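Work through the exercises below with the sequence and the model open. Try each task before reading its solution.

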Amino acid sequence: FETTYAYMDDMIAFYEQETGLPYPWELYRQAPVVDYLYGAMETTTSTIFGDYMVVDDRAFTMRNYINVNAHELAHQWFGNYISHLAPKDVWLTESFATYYAKIFERSVFGEEYYQNIRNDEWKETMEAEAKDHFGTGHSQGGRARWYPKGSLSLDMLRDVMGEDNFRTAIRYYLEHYPYQDAETSDFLRAIHYSTGLS
C-alpha cells in the first residue's frame with residue numbers, strides 16, 4: 001500500500017497549490033483491477049488502474065504508479081471538475097493531466113528527470129508531425145497531440161507568461177467553468193481576461 005500509493009497526499013497538496021483550487025470533491029478512491037486492458041481511467045472521485053502497477057519496494061524503481069496516479073488525479077480538476085465535449089477539445093483534459101503529472105514528478109525526482117520526460121514528449125510529437133500536421137486542438141490530433149504536444153505547449157505558455165500569470169490564468173479558468181464543459185476558446189479567454197495577455 002505505502003509503495004504503490006507513494007506521494008498521494010503530496011500530489012493533492014501540490015495540485016491545490018498549483019491550481020489555486022482545493023480538491024473539488026469530498027473523497028477520492030482508487031481500485032486496482034485484475035486484467036485491466038489499459039493503464040488507468042479516472043472517473044469523478046475515483047480511478048481504476050491495472051493491478052500490475054501495485055508494487056513493493058524492490059519493484060518501485062523499475063515500475064511504479066506515480067506518473068499514472070498523478071495523471072489520473074489531475075483529471076479531478078481537468079476532466080471532471082471541468083470537462084470537454086467536442087473531440088477537438090480533448091487536449092484540455094489530457095494535456096493538462098499529462099503536464100501536471102510531469103511537473104509533480106519534477107518535484108519528487110528532480111530537474112533531470114523532468115527534462116528527460118520533456119525530451120520523450122518532444123520525440124513523440126515530432127514522430128506524429130512527420131506523418132501529418134494536425135494541431136493540438138484538432139479532432140484528429142490523436143494521442144501525440146493531446147498528451148505530449150499539449151503538455152509541451154503548457155510548458156511554453158508558463159515560460160512565456162511567467163509563473164504568476166500562468167497560475168492566475170489556470171485559477172481563473174477553473175473558477176469560471178466549474179462543473180461545465182469548456183472549449184479551447186474558453187481557456188484562451190480565461191488567459192486574456194485574467195492577465196490581459198493575448
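**Exercise 1. Tyr-7**

Place Tyr-7 relative to α1, then state its phi and its exposure.

Solution. Tyr-7 sits in the segment before α1 (8-19). Helices are DSSP runs of H or I with at least four residues, strands are E runs of at least two, and both are numbered from the N terminus. The phi of Tyr-7 is near 70 degrees, a positive value in a residue other than glycine. Its relative accessible area is 33%, so Tyr-7 is partly exposed. The cut-offs: buried is under 20% relative accessible area, exposed is over 50%, and partly exposed lies in between (1.4 Å probe, protein chains only).

This is a predicted model: local features need pLDDT of at least 70, side-chain atom pairs count only at pLDDT 80 or more, and totals for chains, interfaces and linings use all residues. Residues are numbered from 1 along each chain as its sequence is written, and side-chain values use heavy atoms, leaving out hydrogens and water.

**Exercise 2. Asp-35**

Which loop holds Asp-35, and is the residue buried or exposed?

Solution. Start with the location: Asp-35 is in the loop between β1 (29-33) and β2 (40-43). Next, the backbone: phi is about 60 degrees, positive although Asp-35 is not a glycine. Last, the surface: Asp-35 has a relative accessible area of 67%, so it is exposed.

**Exercise 3. Helix α3**

Check the span of α3 against its residue count, then judge its burial.

Solution. Helix α3 covers residues 91-109, 19 residues in all. The expected span is 1.5 Å times one less than the number of residues. For α3 that gives 27 Å; the end C-alpha atoms are 26 Å apart, which agrees. Now burial: 15 of the 19 residues are buried, so α3 is largely enclosed by the rest of the structure. Just after α3, Gly-110 takes a positive phi of about 100 degrees.

**Exercise 4. The whole chain**

What is the order of helices and strands, and which radius of gyration does the protein chain have?

Solution. Count first: the protein chain has seven helices and five strands. Their order is α-β-β-β-α-β-α-α-α-α-β-α. Then apply the globule rule, 2.2 Å times the number of residues to the power 0.38, with the radius taken over C-alpha atoms. A compact globule of 198 residues would be near 16 Å; the protein chain has 17 Å, which agrees. Along its principal axes, the C-alpha trace spans about 50 × 45 × 30 Å. Finally, 44% of the 198 residues count as buried.
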